[in-house]
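I opened this notebook page to record, step by step, what I looked up in one model. I begin with a single side chain and then work outwards from there.

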Amino acid sequence: KIMSADRKKILIIEDDAAISSMYKSSLEKDGYAVVVAPEGERGWQLAGSQSPNLILLDIILPKLDGFSVLDKLRHDPKTKGIPVVMLTNLGQDEDKARGQKLGAVDYWVKADFTPAQVSEKIKQHIK
């Protein structure tokens, strides 16, 4: 078991509880500490207060969509260095391009990966 001080923290901003809990349990099994926000505004606040090592961000969210959250994260000195991966059902090239332009480090379409694969891929972005 990894010492808790060394546990990397991941913030999942996702409004579908079934999806977020599926990723949460998969990531916790791999030793990550996981915080979940059910909507964008809350996710943005948690990013500032929790200082996660990585954020998994859905695009279609209540109150504040993922692109708006990403934009806020990138303009806040406290959160601008946190790697953000868009994890979404939107697979359109223009959505991907928009996510990259706003500063996402990666863009994964949910249907393309199992939670275990997502957990594996996260390792590329968490040092």
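**Entry 1: Glu39.** The model is a predicted one, and in it I looked first at Glu39, where a polar atom of the side chain lies 3.1 Å from the backbone nitrogen of Glu41. I placed Glu39 in the loop between β2 and α2, and I noted that the atom reaching towards Glu41 at the start of α2 is a side-chain oxygen. Is Glu39 buried or exposed? I found a relative accessible area of 15%, and because the cut-off for buried is under 20%, Glu39 counts as buried. Setting aside residues up to four places away in sequence, I listed Ile13, Pro62 and Lys63 as the contacts of Glu39.

**Entry 2: Lys63.** Since Lys63 appeared among the contacts of Glu39, I looked it up next and found it in the loop between β3 and α3, the helix of residues 66-75. Lys63 is exposed, with a relative accessible area of 73%, whereas its partner Glu39 is buried. I also wrote down that Lys63 is not a glycine and yet has a positive phi of about 70°.

**Entry 3: helix α2.** I then turned to the helix that follows Glu39, which spans residues 40-50. Which residues of α2 are buried? I noted Gly40, Gly43, Leu46, Ala47 and Gly48. Beside this list I put a reminder that an α-helix has 3.6 residues a turn, so residues three or four places apart point the same way. For the cover over the buried residues of α2, I recorded that it includes strands β1, β2 and β3 together with helix α3. Just after α2 I came to Ser51, which takes a positive phi of about 45°; Ser51 is not a glycine either, and its place is the loop that leads from α2 to β3, the strand of residues 54-57.

**Entry 4: Lys9.** Next I went to strand β1, where Lys9 is located. Lys9 is partly exposed, with a relative accessible area of 23%. What lies 3.1 Å from a polar atom of the Lys9 side chain? I found the backbone oxygen of Gln50 there. Not counting residues up to four places away in sequence, I noted that Lys9 touches Ala33, Val35, Gln50, Pro52, Asn53 and Leu54. I also looked up how far Lys9 is from Ser119, which lies 110 residues away along the chain, and the separation of their C-alpha atoms is 12 Å.

**Entry 5: helix α5.** That distance took me to Ser119 itself, which lies in helix α5. Its relative accessibility is 0%, so Ser119 counts as buried. With which side chain does that of Ser119 make a polar contact? I found the side chain of Asp30, at 2.3 Å. Asp30 is also among the contacts of Ser119 beyond four places in sequence, together with Ser26, Leu27 and Tyr32. In the same helix, which covers residues 115-122, I looked at Ala116, and at 47% relative accessibility it counts as partly exposed. From Ala116 to Gln50, 66 residues apart along the chain, the C-alpha atoms are separated by 24 Å.

**Entry 6: the whole chain.** I finished with the chain as a whole, in which I counted five helices and five strands. From the N terminus on, these elements follow the order β-α-β-α-β-α-β-α-β-α. The radius of gyration is 13 Å, close to the 14 Å that the globule rule gives for 127 residues, so the chain is as compact as a globular protein of that length. Along the principal axes, the C-alpha atoms fill a box of roughly 40 × 30 × 25 Å.

I noted that buried residues make up 47% of the 127 residues. Of the contacts with a separation of 6 or more, 61% come from residues 24 or more positions apart. The accessible surface comes to about 6600 Å², and 52% of it belongs to carbon and sulfur atoms. Finally, for the 19 positive and 18 negative charges, I recorded that their mean positions are 7 Å apart.

Terms used:
Residues numbered from 1 in each chain as written. Predicted model: local features only at pLDDT ≥ 70, side-chain atom pairs only at ≥ 80, totals over all residues. Heavy atoms only, no water. Helix = DSSP H or I, 4+ residues; strand = E, 2+ residues; numbered from the N terminus. Rg over C-alpha atoms; globule rule 2.2 N^0.38 Å. Buried < 20%, exposed > 50% of the residue type's maximum accessible area, 1.4 Å probe, protein only. Contact = heavy atoms within 4.5 Å. Areas by Shrake-Rupley, 256 points an atom, 1.4 Å probe, with all protein chains shown as cover. Lys, Arg positive; Asp, Glu negative; His and termini not counted. Charge placed at Lys NZ, Arg CZ, Asp CG, Glu CD. Polar contact = N/O pair within 3.5 Å; in protein donor to acceptor, adjacent residues only side chain to side chain.
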